[in-house]
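Here is a quick walk through a structure you may not have met before. Have a look at the model first, then read on.

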Amino acid sequence: MSSQRRGYIAIIDDENDIVELFSEALKAAGFNVRGFDDPVTALEDLHKHHSEYLLVLTDVRMRGMDGLHLAKLIHQMDREVRIIFMSGFEISDDNIQETQINEFIKKPIHIAELVNIIKNNLIQVDTS
């Protein structure tokens, strides 16, 4: 990973069980993770520490702020942060292109698959 960034992953979902499950799984796989069950709180932390984040894994439908709006605000702060959407619902290709997310994962997500997706996205960070 880039020596200028510490390499944190933000997990954002308004379901705390998902945040905890994914955070523990990614920590066990060796990643630095910060989990948030409130997108507004997550955005505040991303704003304060945006240079420390490499990747954001966020639900699309959340209370307080949806993932589409969150992704736009994150990219306004830092265009280099990779964003992965996850949802139990389909989203349109137009929304994916409009928000310039890097990947979309359909829930339910198997932990091994999630770890591989995160690794692949971080490899792309290293080579860019």
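Two strands count as paired if DSSP finds at least two bridges between them. Keep in mind that this is a predicted model.

**The strands**

With that in hand, start at Tyr8, which stands opposite Tyr53 in β3. The strands β1 and β3 pair in the parallel sense, with five bridges between them. β3 also has strand β4 (residues 82-87) as a parallel partner, again over five bridges. One of the matches there is Leu55, whose bridge partner in β4 is Arg82. How many of the seven residues of β3 are buried? Seven of the seven are, so to speak, under cover.

**Two tyrosines**

The structure holds one aromatic pair. It's made by Tyr8 and Tyr53: the ring centres are 6.3 Å apart and the planes meet at 55 degrees, so the pair is tilted. For a tilted pair, the angle has to be neither under 30 degrees nor over 60. The pair ties together distant parts of the chain, as Tyr8 in strand β1 and Tyr53 in strand β3 are 45 residues apart. Tyr8 has company of another kind too: the charged end of Arg34 sits over its ring, 3.9 Å from the centre.

Are these tyrosines buried or exposed? Buried means under 20% relative accessible area, and here are the values, with Ser23 added:

| Residue | Relative accessible area | State |
|---|---|---|
| Tyr8 | 13% | buried |
| Tyr53 | 0% | buried |
| Ser23 | 6% | buried |

**Ser23 in its helix**

Ser23 belongs to helix α1 (residues 16-28). Its side chain has a polar atom 2.7 Å from the backbone oxygen of Val19. Leaving aside residues up to four places away in sequence, Ser23 touches Ile11, Val33 and Gly35.

**Helix α2 and its two sides**

Now move on to helix α2 (residues 39-49). Its buried residues are Pro39, Ala42, Leu43, Asp45 and Leu46. Why do they line one face of the helix? Seen down the axis of α2, they fall within an arc of 165 degrees, so they share one face. On the other side of α2, His47 and Lys48 are exposed.

What covers the buried residues of α2? The cover includes the strands β1 (8-12), β2 (32-36) and β3 (53-59), along with helix α3 (67-77). That brings us back to β1 and β3, the strands that hold Tyr8 and Tyr53.

How values were computed. Residues are numbered from 1 along each chain as its sequence is written. This is a predicted model: local features need pLDDT of at least 70, side-chain atom pairs count only at pLDDT 80 or more; totals for chains, interfaces and linings use all residues. Side-chain values use heavy atoms; hydrogens and water are left out. Helices (H or I, at least four residues) and strands (E, at least two) are DSSP runs, numbered from the N terminus. Buried means under 20% relative accessible area, exposed over 50%, partly exposed in between (1.4 Å probe, protein chains only). A polar contact is a pair of N or O atoms within 3.5 Å; within protein, one must be able to donate a hydrogen and the other to accept it, and residues adjacent in sequence count only if both atoms are side-chain atoms. Contact means heavy atoms within 4.5 Å. The arc is that of the directions from the helix axis to the C-beta atoms. Rings of Phe, Tyr and Trp (its six-membered ring) pair if their centres lie within 6.5 Å; planes under 30 degrees apart count as stacked, over 60 as edge-to-face and the rest as tilted. A charge sits over a ring if NZ of Lys or CZ of Arg is within 6 Å of the ring centre and within 35 degrees of the ring normal.
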